[in-house]
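Trainee: I have a structure open on my screen. Could we go through the reasoning behind some of its labels together?

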Amino acid sequence: MNEIEVITSAQNPKIKRLRLLQQKSSERRKCGLFVVEGRRELMHCIDAGFEIDTIFYCEQIGGLHVEVPDNVDVYSISPALYEKIAYRSGTEGIIAVVRSRETALSDLKLGKNPLVMVLESVEKPGNLGAVLRSADAVGIDAVIVCDPLTDIYNPNLIRSSIGAVFTVPTVVCSSEECIDWLRAHGMQILTAQLQDSQLYYDISMLKPTAIVMGTESTGLTDVWRKAADAHIRIPMLGKLDSLNVSVSAAILLYEALRQRTA
């Protein structure tokens, strides 16, 4: 590793680039780079084989403490500067710029009896991050994000997933591409919706299954409702008619796990 330069100013061009990557999805797409904050998240990222471009660390807060390849630029930053650029405290004083990569449906390696979560037009990165945490916990084969309204390298998504975006195979594609792929792999499509639906625990998830969820505000589009093999719902006994999408996803994923391990 080369001699480490110390950066103390937020006006440093490298810090300005970092801030742009944190704030603008257009900049992330243009540069093919994204930002990972926190040692735990960065270790999951490295373990998943992502290529690290640059590391910024604060010795006084947490130090480097990761194996750094020779081709990675490393900069030491002051505590005051770290506080300015970090999204949250408690991230062990380390932030990295990472090269993004695209995973296609054809890249997915499914098990013998796959379970997949599909999310259509997800809006909030925090919700998608929380779904990815549940997906990791259940050990599903993939999360497929169709026609997203947020990008999967949004810093809020990475943070809320605690790095699960790197541990769970995640693909972005159109709904039509996803439906064709699911059918080609013989997977039943279960759409979560209130209309014309059965209680989720009355539907078998023992065979290859895709659980499909839409946004909290509008639900799923007709393309998914028509493609479904069955419509499922979570019972709602109060006055509200919807749960947070990440909570709903966790309930349905654990029902699939319960059925498959009973």
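**A ring and its partners**

Mentor: Gladly! Start with Arg 101, whose charged end sits over the ring of Phe 50, 3.9 Å from the ring's centre. A charge sits over a ring if NZ of Lys or CZ of Arg is within 6 Å of the ring centre and within 35 degrees of the ring normal. Keep in mind that this is a predicted model, where local features need pLDDT of at least 70, side-chain atom pairs count only at pLDDT 80 or more, and totals for chains, interfaces and linings use all residues. Residues are numbered from 1 along each chain as its sequence is written, and side-chain values use heavy atoms, leaving out hydrogens and water.

Trainee: Why is the pair of Phe 34 and Phe 50 called edge-to-face?

Mentor: Rings of Phe, Tyr and Trp (its six-membered ring) pair if their centres lie within 6.5 Å; planes under 30 degrees apart are stacked, over 60 edge-to-face and the rest tilted. The centres of Phe 34 and Phe 50 are 5.9 Å apart and their planes stand at 85°, so this pair is edge-to-face.

Trainee: What makes Phe 50 and Phe 166 edge-to-face?

Mentor: Their centres are 5.2 Å apart with the planes at 70°, so the label follows. Ring pairs link Phe 34, Phe 50, Tyr 153 and Phe 166 into a cluster.

Trainee: How do you know whether Asn 154 counts as buried or exposed?

Mentor: Buried means under 20% relative accessible area, exposed over 50%, and partly exposed in between (1.4 Å probe, protein chains only). Asn 154 has 14% relative accessibility, so it counts as buried.
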